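Trainee: I am new to this structure and would like to work through it with you, one question at a time. Could we begin with the parts that face the DNA and then turn to the protein itself?

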Number of protein chains: 2
Amino acid sequence: MARSTNTQFAVAVHVLTYLGGAEGRVVSSDELSASTNVNPVYVRRVLGPLRGAGLVRSRPGAHGGWELAADAGDITLERVWQLLQGDDPVLGLHGPAPECPVGRNIQSMLTDLDRRVAAAVSAELRRFTVRDVLHGLPVPEHGLTAPPRDGG
Amino acid sequence: MARSTNTQFAVAVHVLTYLGGAEGRVVSSDELSASTNVNPVYVRRVLGPLRGAGLVRSRPGAHGGWELAADAGDITLERVWQLLQGDDPVLGLHGPAPECPVGRNIQSMLTDLDRRVAAAVSAELRRFTVRDVLHGLPVPEHGLTAPPRDGG
DNA sequence: GTCATTCGTAACCACGGCGATTACAGATCG
DNA sequence: CGATCTGTAATCGCCGTGGTTACGAATGAC
């Protein structure tokens with residue numbers, strides 16, 4: 001499934017926010033490493049997909065480093081999540097006995113359920129951008145109060 | 001954080017659904033193991049917290065086994081999730097440099113964000129019960145379409 | 001009472017993911 | 001040229017997950 005002890009998303013959001021606060025200054029992965037407290041190599045590894053998606057730019061060589069390639073207000077956390085977690089299951093699935101029809105049916109239900117939960121996570125993350133993290137998350141209007149169940 | 005390759009939730013839902021379809025019959029962990037394709041010891045380990053919460057009953061000895069202790073329509077998947085995943089972070093957090101004020105601020109933002117996402121997951125899972133998994137998940141009314149962002 | 005069955009739980013092991021670390025090639029600037 | 005910084009591969013240790021074994025206790029059949 002997606003993560004457990006996977007810190008890529010947290011590191012990515014941290015770095016993006018840091019860059020958003022650096023106002024165009026080019027920041028080395030060493031400096032980013034100092035703030036995130038993770039290895040500079042790991043920082044570059046995490047930032048790779050973000051660069052591929054055009055969220056950040058990097059420049060090698062002396063006085064090189066990283067900077068945002070888009071407005072902080074245009075980078076949703078959903079985008080970051082999707083780039084780093086891809087389509088990994090959120091809930092975690094198992095591999096039921098294929099010869100058991102009951103098991104196979106439950107498996108397809110769980111897969112469907114996972115899709116819905118992943119969509120809920122995406123929807124929540126879509127509400128926030130790097131700018132929000134930088135300036136403080138907006139007060140929640142929904143998301144902490146839950147709708148009633150369907151099947152009740 | 002919560003899980004990555006953690007299958008406890010999936011196994012639990014599988015077993016609860018299986019028991020819900022067994023209509024009061026007492027089912028051994030060996031039989032549950034055969035359907036879920038995981039070890040019977042692991043089945044019992046996963047079921048432990050559910051028994052503690054009164055969702056299932058177990059009886060040792062000959063002809064012993066497991067049965068539901070509540071109506072399948074009263075067991076929400078949110079309850080199962082909370083019992084097994086507890087308050088583990090959903091997004092996965094890192095440990096930023098404590099001496100960096102920027103880092104500490106971002107950390108608190110990420111913790112807040114994780115709470116919201118966890119609430120969104122809970123809200124989605126609250127819509128479904130074991131009965132829903134048994135009879136088929138209801139058609140989604142919301143959850144696959146996302147609300148607009150706050151901070152835009 | 002005796003024995004087979006099943007849960008309860010602890011102990012130990014193997015596998016795999018995560019992130020640190022090292023190493024080295026390529027790019028860039030003074 | 002030399003210093004700096006990215007890009008990337010290779011390797012390592014740690015830890016969570018789940019499998020496996022083992023043994024005690026509870027229950028029912030006989």
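Trainee: Which elements each supply at least two residues of the surface near DNA strand D?

Mentor: Bear in mind throughout that this is a predicted model. Around DNA strand D there are 29 residues, with A:Ser29, A:Arg51, A:Ser58, B:Thr7 and B:Tyr42 as the closest, and of the strand's atoms that come within 4 Å of the protein, sugar and phosphate make up 67%. Both protein chains take part in this surface, and the elements that each give at least two residues are helix 3, strand 1 (56–59) and strand 2 (65–68) of chain A, together with helix 3 of chain B.

Trainee: Which helix gives the most to the surface near DNA strand D?

Mentor: By class, the residues of this surface comprise nine nonpolar, 14 polar and six charged ones. The element that gives the most, with four residues, is helix 3 of chain A.

Trainee: Which residue has a polar side-chain atom 2.3 Å from a phosphate oxygen of DNA strand D?

Mentor: Several polar contacts to this strand can be set side by side. An N or O atom in the side chain of A:Arg44 is 3.4 Å from a phosphate oxygen of DNA strand D, while a polar side-chain atom of A:Arg45 lies 3.4 Å from a base nitrogen of DNA strand D. The residue with the 2.3 Å separation from a phosphate oxygen is B:Tyr42.

Trainee: Turning to the other strand, what percentage of the atoms of DNA strand C within 4 Å of the protein belong to sugar or phosphate?

Mentor: DNA strand C has 26 residues around it, and those that come nearest are A:Thr7, A:Asn39, A:Tyr42, B:Ser29 and B:Arg51. Among the strand's atoms within 4 Å of the protein, some belong to bases, and the share that belongs to sugar or phosphate is 67%.

Trainee: Which residue places a backbone N or O atom 3.1 Å from a sugar or linking oxygen of DNA strand C?

Mentor: Two side chains of chain B can be considered beforehand, since they meet phosphate oxygens: B:Arg44 has an N or O atom 3.3 Å from one, and B:Ser58 has a polar side-chain atom 2.9 Å from one. The residue that uses a backbone atom, at 3.1 Å from a sugar or linking oxygen, is B:Gly61.

Trainee: Which helix provides the largest share of the surface near DNA strand C?

Mentor: The elements that give two or more residues to this surface are helix 3 (40–52) of chain A and, from chain B, helix 3 (40–52), strand 1 (56–59) and strand 2 (65–68). The surface divides into nine nonpolar, 12 polar and five charged residues. Its largest share, four residues, comes from helix 3 of chain B.

Trainee: Leaving the DNA aside, what is the pattern of chain A, read along the sequence?

Mentor: Chain A contains six helices and two strands. Of its 152 residues, 51% count as buried. Read along the sequence, the pattern is α-α-α-β-β-α-α-α.

Trainee: Is helix 1 of chain A largely enclosed by the rest of the structure or largely open?

Mentor: This helix, residues 8–21, reaches 20 Å from its first C-alpha to its last, close to the 20 Å expected. Among its buried residues are A:Phe9, A:Ala12, A:Val13 and A:Leu16. Since 12 of its 14 residues are buried, the helix is largely enclosed.

Trainee: Which residues have the most contacts inside the largest nonpolar core?

Mentor: In soluble globular proteins, nonpolar side chains tend to be buried together. Not counting residues up to four places away in sequence, A:Val80 touches A:Phe9, A:Ala12, A:Val13, A:Leu16, A:Leu50, A:Leu55 and A:Ile75. The largest nonpolar core has 80 residues, and those with the most contacts inside it are A:Val80 and B:Val80.

Trainee: Does B:Ala62 count as buried or exposed?

Mentor: B:Ala62 is found in the loop between strand 1 and strand 2 of chain B. Its C-alpha atom is separated by 9.9 Å from that of B:Ser28, 34 residues apart along the chain. With a relative accessibility of 70%, where the cut-off is over 50%, B:Ala62 counts as exposed.

Key: Residues are numbered from 1 along each chain as its sequence is written. Chains are lettered from A and ligands numbered from 1 in the order in which they are written. Side-chain values use heavy atoms; hydrogens and water are left out. A nonpolar core is a set of buried Ala, Val, Leu, Ile, Met, Phe, Trp, Tyr and Cys residues joined through side-chain atoms within 4.5 Å. Buried means under 20% relative accessible area, exposed over 50%, partly exposed in between (1.4 Å probe, protein chains only). Contact means heavy atoms within 4.5 Å. A residue is near a molecule or strand if one of its heavy atoms lies within 4 Å of it. A polar contact is a pair of N or O atoms within 3.5 Å; within protein, one must be able to donate a hydrogen and the other to accept it, and residues adjacent in sequence count only if both atoms are side-chain atoms. Ala, Val, Leu, Ile, Met, Phe, Trp, Tyr, Cys and Pro count as nonpolar, Asp, Glu, Lys and Arg as charged, and the others, Gly among them, as polar. The expected span of a helix is 1.5 Å times one less than its number of residues.
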